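New to this one? Here's a quick briefing to get you oriented, starting with one helix and then stepping back to the whole protein.

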Amino acid sequence: MSNPGTLFIVPTPIGNLEDITHRAISVLSQVNVIAAEDTRHSQKLLQHYSISTRLISLHDHNESQRARQIIDKLELGESVALISDAGTPLISDPGYSLVSQCRDAGLNVVPLPGACAAITALSAAGLPTDRFVFEGFLPVKQQAKHQALDKLARETATCVFYESPRRIEDTLQATVTVLGEDRRVVLAKELSKTFETFFCGSAQDALAWLNEDDNHRRGEFVFLIGGYEGEGDVMPEEAIRLLKTLMEEMPLKKAAAVTAKHYELKKNALYQLGLSFNE
Ligand code: SAM
């Protein structure tokens with residue numbers, strides 16, 4: 001039997017086409033096949049670098065079946081590169097199933113260092129970088145989003161999320177509601193592209209900035225939340241429990257008002273939180 005081949009995990013640019021390493025170009029040129037999330041999208045990158053390696057697709061919907069075919073190739077001694085539409089494969093992108101199956105099969109997996117939006121944003125956000133939590137995309141549904149943020153309310157490390165332009169406003173509103181309007185956040189937008197922008201400030205100010213101009217909401221975002229620093233800005237769990245209990249007995253408006261009075265909190269924040277429980 002021939003020696004097994006290698007699966008290379010190859011990061012590609014997140015915007016600026018020049019953000020690719022010499023090694024990535026050489027690996028992509030030399031492997032037998034490149035597995036890409038969207039072959040048409042990746043073809044443009046390959047053309048730009050005059051790489052003519054054959055592309056096959058590997059995306060969320062065919063990954064387990066494709067993984068088997070790729071493992072067969074590797075076992076026959078072929079080498080394969082995995083790329084995604086942008087940045088590092090497996091980071092909120094397909095590839096986990098393939099890599100874990102390769103590891104289980106004892107195959108060689110070699111990662112190349114390269115572009116990743118989360119790390120790029122973190123490196124220039126001005127928030128602490130000694131500890132950070134990468135959370136990928138928050139849930140879309142409001143109640144699940146609120147719950148996910150609530151779980152992170154006392155997280156002291158910087159939290160890093162990916163977010164789409166369609167949901168960034170909603171996510172900031174949820175952040176104001178659950179973590180308080182003063183929580184420090186950073187919006188890192190269009191990294192490495194012409195309109196790269198960082199907004200750094202309180203959650204409330206970031207929401208206002210988004211609403212200031214339609215252009216502020218356009219593009220791709222990394223959303224960062226500063227770690228929990230004290231007692232002030234988080235909705236206390238006892239208050240959430242009281243609100244829920246009262247909501248079983250009285251209208252939300254009143255439940256929010258009573259809870260706000262009892263815990264000296266903002267009525268509107270409790271009202272918004274109560275609304276999310278009903279969604
Ligand atoms: N694997 C990629 C990586 O390593 O960064 C991430 C893929 S994930 C499907 C796509 C998300 O990454 C976007 O919705 C956005 O939140 C973030 N992203 C990708 N490129 C970006 C950029 N140039 N600027 C800001 N965020 C970006």
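Which residues of helix H1 (residues 22-30) are buried? They are Ala 24, Ile 25, Val 27 and Leu 28. Keep in mind as you look around that this is a predicted model.

**Helix H1 up close**

- Look down the axis of H1 and you'll see its buried residues fall within an arc of 165 degrees, so they line one face of the helix.
- Turn to the face of H1 that points away from the buried side, and you'll find the exposed residues His 22 and Gln 30.
- As for what the buried residues of H1 pack against, there are two strands from the early part of the numbering to look up, E1 (6-9) and E2 (33-36), along with helix H2 (39-48) and strand E4 (80-83).

**The whole protein**

- H1 belongs to a protein with 12 helices and 10 strands.
- Picture a box of roughly 75 × 40 × 30 Å, taken along the principal axes: that's what the C-alpha atoms fill.
- Out of the 279 residues in the protein, 47% are buried.
- Take the contacts between residues at least 6 apart in sequence, and 69% of them join residues at least 24 apart.

**Surface and charge**

- The protein's accessible surface adds up to about 14,500 Å², and carbon and sulfur atoms account for 49% of that.
- On the charge side, there are 28 positive and 37 negative side chains.
- The centres of those two sets of side chains lie 3 Å apart.

Technical notes. Residues numbered from 1 in each chain as written. Predicted model: local features only at pLDDT ≥ 70, side-chain atom pairs only at ≥ 80, totals over all residues. Heavy atoms only, no water. Buried < 20%, exposed > 50% of the residue type's maximum accessible area, 1.4 Å probe, protein only. Helix = DSSP H or I, 4+ residues; strand = E, 2+ residues; numbered from the N terminus. Arc of directions from axis to C-beta. Contact = heavy atoms within 4.5 Å. Areas by Shrake-Rupley, 256 points an atom, 1.4 Å probe, with all protein chains shown as cover. Lys, Arg positive; Asp, Glu negative; His and termini not counted. Charge placed at Lys NZ, Arg CZ, Asp CG, Glu CD.
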